[in-house]
Each structure stands twice: as structure tokens, then as C-alpha cells.
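Colleague: Please take me through one part of this model closely. Start from a single charged side chain and its partner, then work inward to what surrounds them.

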Amino acid sequence: MRTFLVIIDESEEATSALRYAARRAVAVGGAVHLLALVPQQNFSAFGAVQATIEAEARDRAEMLAHGVAGNLLAESGIMPTISVKIGQGQKIVSEFLAEHKEVAALVLGAAKGAAPGPLVTHFSAAAGSLPCPLYIIPADYDETTSDHQA
């Protein structure tokens, strides 16, 4: 089964990437895997405080992912798989792709403006060495009003 990996957060570009991945998954009988990233705190003076901050960030990411999953299920009939990982985003995504051979495409949303985002910048530069295709979806892309089809 073709699985589309979408990196999610609360941004407009992540929502566009998710809509795109859901439409592709429906078209090919595939699946969607949502990966929510939680930045690791660089604050280590008080281990218990750091652990609490990371736990709260993980809880927020899980709530976001489950909310997005519910919307995706309602809109497309697809119940995505959800993963929440703590750490540096580029490293986590690279490791995830290496460990999950079922991923048929990495779908990222690009932010408006000159800086598309750190993940888009990193993975577009490394696209030739990725184990799957990379789809970069503009923040305000709406396939229903566009003549473009992928």
C-alpha cells in the first residue's frame, strides 16, 4: 500500500500538504501517515522541568494530530496513522524514511514568501538521495480550483 508521509503542525502549509496527500491516497487506494514533530528542549539545567516542557509539547502535538486525523477521516474516509517524535526535525524525518520502506512519498507544505521552511529547504536540497519522491505543496494550494493535477 502506498503511504504518503505528511509532517504536520498548526500551519496553513501543513494543512495544504495534508489535503493533497489525502487526495492522492484516495486516488491510489493508499494511506496517510501523520508525523508531528516536537522540538527537543535545549534547556537542561533542571531535568524535571525539561521533561515537563517536552511532555506538554508532546501532548499538544498529539492533540493536534488526533484533531487533524478526525478531520481527514471525515473529509476523505481515510484514518491516518499517527506518530509523534521528539527531536530535531530533519533527523527524525530522515530516520523515519529509512525505517519505513512503505512510504511512497514525503509530502511537505511550503510556507509563503522567500523562506519555504527548514524541512522544505533541507529535503529539497537532498531530494536526489531520498528513498521516495518529495512533494512540496504551496501553502495556499487548492487543488479543487486549480487546473494542475499530479
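Modeller: K112 counts as exposed, because its relative accessibility is 53% and the cut-off for exposed is over 50%. Bear in mind that this is a predicted model.

Now the partner. K112 and E12 join their side chains in a salt bridge, with 3.8 Å from N to O. That contact links distant parts of the chain: K112 sits in the loop between β4 (103–110) and α4 (118–125), while E12 belongs to helix α1 (residues 12–28), and 100 residues separate the two. What is the exposure of E12? E12 is partly exposed, at a relative accessible area of 44%. The pair thus joins an exposed lysine to a partly exposed glutamate.

How many salt bridges are there? The count is three. The other pairs lie within helices. In one, E62 meets R58, with the closest N and O atoms 3.2 Å apart. Both residues belong to helix α2 (residues 47–76); they are four residues apart, so about one helical turn separates them. E62 is partly exposed, with a relative accessible area of 28%. R58 is also partly exposed, at 30% relative accessibility.

The other helical pair is E95 with K91, where the closest N and O atoms are 3.6 Å apart. Here the helix is α3 (residues 89–99), and the spacing is four residues, about one helical turn. E95 counts as partly exposed at 38% relative accessibility. K91 is exposed, because its relative accessible area is 51% and the limit is over 50%.

Back to α1, the helix of E12. What does α1 form together with β1 and β2? The three make a right-handed β-α-β unit. Strands β1 and β2 run parallel, paired over six bridges. One example is T3, whose bridge partner in β2 is A31. β1 also pairs with β4, again in the parallel sense, over four bridges. There, L5 has L106 of β4 as its bridge partner. β4 is also the strand that leads into the loop of K112.

Is β1 mostly covered or mostly open? Mostly covered: six of its six residues are buried. Burial holds on both faces, with T3, L5 and I7 on one side and F4, V6 and I8 on the other. Take F4, which lies in strand β1. F4 counts as buried because its relative accessibility is 2%, against a cut-off of under 20%. F4 also has a sequence-distant residue to compare with: I136 is 132 residues away along the chain, and the C-alpha to C-alpha distance is 12 Å.

Next, the pockets. The largest one has a volume of about 630 Å³. It has 28 lining residues, and the closest to its centre are I7, I8, D9, L37 and L119. I7 and I8 are two of the buried residues of β1. Which elements each supply at least two residues of this lining? They are β1 (3–8), α1, β2 (31–38), α2, α3, β4 and α4. Helix α2 provides the largest share, five residues. By residue type, the lining divides into 17 nonpolar, seven polar and four charged.

The second largest pocket holds about 190 Å³ of space. Its lining has 13 residues, with A14, T15, L18, V68 and N71 the closest to its centre. α1 and α2 are the elements that give two or more residues to this lining. α2 gives the most, with five residues. The lining splits into six nonpolar, three polar and four charged residues.

To pull the part together: α1 carries E12, the partner of K112. α1 also sits in the right-handed unit with β1 and β2. And α1 contributes at least two residues to the lining of the largest pocket, and two or more to that of the second largest.

Definitions and conventions. Residues numbered from 1 in each chain as written. Predicted model: local features only at pLDDT ≥ 70, side-chain atom pairs only at ≥ 80, totals over all residues. Heavy atoms only, no water. Salt bridge = Lys/Arg side-chain N within 4 Å of Asp/Glu carboxyl O. Buried < 20%, exposed > 50% of the residue type's maximum accessible area, 1.4 Å probe, protein only. 1 Å grid on protein atoms, 1.4 Å probe; cavity = no way out; pocket = protein on both sides within 12 Å on 5 of 7 lines; lining within 4 Å. Points joined across faces, edges and corners; volume = space filled by probe spheres on them. Nonpolar A, V, L, I, M, F, W, Y, C, P; charged D, E, K, R; others polar. Pairing = 2+ DSSP bridges. Right-handed = clockwise from strand over helix to strand, strands pointing away.
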